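Welcome, and thanks for taking a look at this one with us. Below is a short tour, arranged by topic so that you can dip in where you like.

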Amino acid sequence: MPLGPALSIYDPVFIGIDEFGHRVTVPLIYRNMLIGGEPGAGKSALLNLLVAHAALSLDARLCLLDGKRVELGQWRRCADVFVGPDQGHAIRTLQRLQTMMDNRYAFLEWFGHRKVAPDHEFSPVVVAVDEIAYFSATAGDKKTQEQFSALLRDLVARGRAVGIIVIAATQRPSSDIIPTSLRDLFAWRFAGRCTTDVSSDIVLGHGWANRGWSANTISPNNQGAGLLIAEGGMPQLVKTAYLADADCARIAAYAATLRTAATRTRRTTRPADPSGPVADLPAAA
Ligand SMILES: Nc1ncnc2c1ncn2[C@@H]1O[C@H](COP(=O)(O)OP(=O)(O)OP(=O)(O)O)[C@@H](O)[C@H]1O
């Protein structure tokens, strides 16, 4: 297969158009994103779009958690680790990421840097979670659910500067799944159609529905439309771009080929990412 240019995770990610037809991009590096909305609102489609950019970014590593397996399953070959409906595996993976995060902070402190940069040995890691509620409220027992939630919160809270980018989706935008304290840690928030103003506010932030911005007003037939808000900004109506399953399969195959070629080249030119693999390592001590 002929190999073309790749993308970078330091580039803004194209996600669709606004109501004036202008391109909408979201810089993901040093940020996290929360995606909420009712079933069928287009959350997984947006997540796939973001993961496609990350997969094509040879400077990024992927860590995918998908209780349904099929939403993100196409990107498995591009990922360091793919977690299906296995609560223990999800927790071990987040623990490993937490250790990686702490090690990276030690590195930054030692060298007097405040955040990772493109010329560091460390690659940003995109952690995509399709349906937080599966791991935080459905699978396992109360103890493991709380453990999962605490680990995810820590990664969202502290991971930004060390290049850990969490993108999490949920079809249950309720306060038990997304407490305000967690919601406010996400720099980007996208509310696809929600069934109530309260659910919309849980994703976007308190008070936006009263000010006329509610994802409840989006038509159920307008999948992929939603309100996007950035930290400190105003909501913006966006129609996300859509990758059909066949598009995802083609992009994933191409990205996997690029990644294999890049790994071979890197092996001969520079050392591997000193963070080591995320997959299948024992949990942090
Ligand atoms: N941006 C889009 N443009 C056009 N159609 C879209 C778009 N996004 C989603 N759709 C349509 O909506 C359907 C449901 O989308 P998707 O699976 O992403 O929803 P979801 O919110 O993840 O649902 P669930 O919570 O049940 O997983 C897709 O199969 C597709 O047909």
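Which helix gives the most to the shell around the ligand? That is helix 1, residues 43-56, which contributes three residues to the shell. Please keep in mind that this is a predicted model, with an ipTM of 0.97 and a pTM of 0.91.

**Confidence**

- The average pLDDT of the protein chain is 89, and 92% of the residues reach at least 70.
- Over residues 280-285, however, the pLDDT drops below 50. That stretch still has eight contacts in the model beyond near neighbours in sequence.

**Around the ligand**

- The ligand is surrounded by 14 residues, and the closest are Gly-42, Ser-44, Ala-45, Gln-223 and Gly-224.
- By residue class, the shell holds nine polar residues, four nonpolar ones and one that is charged.
- An unreviewed UniProt entry lists a "binding site" made up of Gly-37, Glu-38, Pro-39, Gly-40, Ala-41, Gly-42, Lys-43 and Ser-44. Gly-42 and Ser-44 from that list are also among the closest residues to the ligand in the model.

**Two residues from the UniProt list, seen in the model**

- Ala-41 sits in the loop that leads from strand 3 (33-36) to helix 1.
- Why does Ala-41 count as buried? The cut-off is 20 or more other C-beta atoms within 10 Å, and Ala-41 is buried because it has 27 of them within that distance.
- Leaving aside residues up to four places away in sequence, Ala-41 touches Gly-192, Arg-193, Gln-223 and Gly-226. One of these, Gln-223, also belongs to the residues closest to the ligand.
- Lys-43 is found in helix 1, and it is buried because 28 C-beta neighbours lie inside 10 Å.
- With residues up to four places away in sequence again left out, the contacts of Lys-43 are Ile-35, Gly-37, Ala-169, Gln-171 and Gly-192. Gly-192 is therefore touched by Lys-43 and also appears among the contacts of Ala-41, two residues that are both buried.

**Strand 1 and its partners**

- Strand 1 (residues 13-18) runs antiparallel to strand 2 (residues 23-26), and four bridges join them. Within this pair, Val-13 has Val-26 as its bridge partner.
- The two strands make a hairpin with four residues between them, and Gly-21 in the turn shows a positive phi of about 85°.
- Strand 1 also pairs with strand 10 (residues 236-240), in the antiparallel sense and over three bridges. Here Asp-18 stands opposite Val-238.

**Helix 6**

- Is helix 6 (residues 197-204) largely enclosed or largely open? Six of its eight residues are buried, so the rest of the structure largely encloses it.
- The buried residues of helix 6 are Ser-199, Ser-200, Asp-201, Ile-202, Val-203 and Leu-204.
- Their cover includes strand 3, helix 5 (180-183), strand 8 (188-192) and strand 9 (225-230).
- Gly-205 comes just after helix 6 and takes a positive phi of about 130°.

**The annotated domain**

- The unreviewed UniProt entry gives "domain: FtsK" for residues 10-201.
- In the model, that span of the chain is 38% helix and 21% strand, and its end C-alpha atoms are 29 Å apart.

Note on methods: Residues are numbered from 1 along each chain as its sequence is written. This is a predicted model: local features need pLDDT of at least 70, side-chain atom pairs count only at pLDDT 80 or more; totals for chains, interfaces and linings use all residues. pLDDT is the predictor's confidence in each residue, from 0 to 100. Two residues are in contact if their C-beta atoms, placed from the backbone, lie within 7 Å. A residue is near a molecule or strand if its C-beta atom, placed from the backbone, lies within 6 Å of it. Ala, Val, Leu, Ile, Met, Phe, Trp, Tyr, Cys and Pro count as nonpolar, Asp, Glu, Lys and Arg as charged, and the others, Gly among them, as polar. UniProt positions are given in the numbering used here, feature names are shortened, and annotations may be inferred rather than shown by experiment. A residue is buried if 20 or more other C-beta atoms lie within 10 Å of its own, exposed if 12 or fewer, and partly exposed in between; C-beta atoms are placed from the backbone. Two strands pair if DSSP finds at least two bridges between them.
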